[in-house]
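Here are some short exercises to work through with the structure open beside you. Try each task before reading its solution.

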Amino acid sequence: MPKGGFMRAMLVESPRPAEERPLRQVEREPREPGIDEVRIRVEVCGVCRTDLHVAEGDLEPRRPSVIPGHEIVGTVEARGSEARRFREGDRVGVAWLHRACGRCRFCRGGAENLCLEPRFTGWDVDGGYADYTVAPEAFVYPLPAGLVARDAAPLLCAGIIGYRAYAQSRVKPGGRLGIFGFGGSAHIVIQIARHFDNEVYVFSRGDRHRGLARELGATWVGGSHDPPPSPLDAAILFAPAGEIVPSALEALDRGATLAIAGIHLSDVPSLHYQRHLFQERVLRSVTANTRKDGEELLRLAEAIPIATHTIPYPLERANDALVDLKQDRIRGAAVLEIGGSGR
């Protein structure tokens with residue numbers, strides 16, 4: 001327990017542009033875990049574009065003064081009376097899906113990402129921009145004790161959502177995959193794609209992102225609306241920019257799929273049926289994740305192994321991290337170092 005029984009936290013009181021510093025640092029008492037929950041001492045928390053959407057109000061606030069953050073790595077510090085899955089001191093990870101109801105038709109059918117009564121970390125409940133967080137043990141991921149915390153954090157959302165988007169794009173091993181927007185998720189997905197011998201075509205407006213894409217093995221790198229040298233067998237849109245959708249669809253081969261991975265997207269312009277959708281091109285969204293997605297991604301990350309590129313910030317500079325993310329100044333992923341060195 002922190003000195004004096006209080007913890008530090010950065011919370012969103014009034015959503016507004018990141019440049020106006022929407023996060024405020026406070027001290028508050030850590031919450032006691034419920035009967036099926038664990039309290040986690042946070043080591044690091046990744047900074048995700050969804051956090052930016054929460055802070056700026058693109059995602060309508062679900063509760064007042066919420067603590068954002070859902071790429072959490074830490075150690076179990078306390079357990080509820082019926083929480084027996086972990087022991088104190090175990091290294092664990094917490095992701096976006098805080099809890100699913102387990103009762104609705106989607107949960108019963110194995111699609112808990114489409115749950116009718118979901119709760120999300122850092123949106124419905126307090127997240128990881130704090131010294132401590134609490135989560136249901138059934139939705140917490142075990143992590144190897146020797147895993148570098150700072151490197152693991154981006155896997156818990158950028159990695160999981162990227163992995164699901166990769167699967168939903170239906171790209172086959174050896175196929176041509178387009179990636180539109182090259183940030184935290186994309187720099188993980190390109191490593192998955194290269195593992196399966198995909199040719200990867202990256203569309204990005206930032207020189208810093210383009211350079212990282214080339215380092216990670218991109219076959220071709222161009223601007224957001226540049227035509228690729230060959231039709232794509234599949235594509236993923238990570239940039240929250242609806243105006244890219246027509247260009248991305250036009251770059252697809254017949255029968256190919258464009259998967260949109262963001263939780264928020266600006267308006268999509270009108271589409272021309274013949275140019276953008278005809279010949280059985282598919283446009284599909286990617287919604288949240290299942291625990292199975294997370295488990296599969298973490299196993300794959302260890303097998304490849306996936307190397308994450310991170311930029312560390314102290315907790316009190318969380319506002320600066322959001323601004324840098326918004327203005328595309330982060331090469332890879334930003335991570336808040338909270339309870340240690342990140343190692």
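## Exercise 1: An open sheet

In this predicted model, strand S11 (residues 199-203) pairs with S12 in the parallel sense, over 3 bridges. Find the residue in S12 that stands opposite Val-202, then work out which strands stand at the edges of the sheet.

Solution. Start with the pair itself: Val-202 stands opposite Val-221 in S12. Now step back to the sheet. It is open, with 6 strands in the order S12-S11-S10-S13-S14-S15, and the pairing is parallel. Read off the two ends of that order: strand S12 (220-222) and strand S15 (282-285) stand at the edges. Each has a single partner strand, so one side of each is left without a neighbour in the sheet. As you go from one strand to the next, the twist averages 15°.

## Exercise 2: A helix across the sheet

Find the strands that H4 lies across, and then decide how H4 and H9 are oriented to each other.

Solution. First, the strands: H4 lies across strand S10 (176-180), strand S13 (232-237), strand S14 (252-260) and S15. Its direction is at about 155° to S14.

Next, the helix pair. Two packed helices are described by the angle between their axes and the distance between the axes. Helix H4 (residues 158-168) and helix H9 (residues 291-303) pack at about 100°, with their axes 9 Å apart. Angles of 65 to 115 degrees count as roughly perpendicular, and H4 and H9 are therefore roughly perpendicular to each other.

Last, who touches whom? From H4 come Gly-159, Ile-160, Tyr-163 and Arg-164, and they meet Asp-293, Gly-294, Glu-296, Leu-297 and Leu-300 in H9. Sort the residues of this contact and you get 4 nonpolar, 2 polar and 3 charged.

## Exercise 3: Cysteines without a bond

Explain why the count of disulfides comes to 0, using Cys-48 and Cys-101 as examples.

Solution. A disulfide is a covalent bond between the sulfur atoms of two cysteines. The cut-off to use is 2.5 Å between the sulfurs. For Cys-48, the closest cysteine sulfur is in Cys-157, 3.9 Å away, which is too far for a bond. For Cys-101, the closest one is in Cys-115, at 3.6 Å, again too far for a bond. By this rule the count is 0 disulfides. While you're there, check the accessibility: Cys-48 is buried at 12%, and Cys-101 is buried at 17%.

## Exercise 4: Buried or exposed?

Decide whether Thr-50 counts as buried or exposed, and do the same for the residues of helix H5.

Solution. Buried means under 20% relative accessible area. Thr-50 lies in helix H1 (residues 49-56), and at 11% it counts as buried. Leaving aside neighbours within four places in sequence, Thr-50 is in contact with Leu-59, His-70, Trp-96 and Ile-263.

Now for helix H5 (residues 186-195): 8 of its 10 residues are buried, so H5 is largely enclosed by the rest of the structure. Among the buried ones are Ile-188, Val-189, Ile-190 and Ile-192. After H5 comes Asp-197, with a positive phi near 60°.

## Exercise 5: Antiparallel partners

Find the bridge partner of Val-38 in S4 and that of Val-73 in S5.

Solution. Strand S3 (residues 37-47) and strand S4 (residues 72-79) run antiparallel, joined by 7 bridges. Within S4, Val-38 has Arg-79 as its bridge partner. Move on to S4 and strand S5 (residues 91-94), which run antiparallel with 4 bridges between them. There, Val-73 is partnered by Gly-93 in S5.

Conventions
Residues numbered from 1 in each chain as written. Predicted model: local features only at pLDDT ≥ 70, side-chain atom pairs only at ≥ 80, totals over all residues. Heavy atoms only, no water. Buried < 20%, exposed > 50% of the residue type's maximum accessible area, 1.4 Å probe, protein only. Axes fitted to C-alpha atoms, helices over the stretch in contact; angles between N-to-C directions. Parallel < 35°, antiparallel > 145°, perpendicular 65-115°, else oblique. Contact = heavy atoms within 4.5 Å. Nonpolar A, V, L, I, M, F, W, Y, C, P; charged D, E, K, R; others polar. Pairing = 2+ DSSP bridges.
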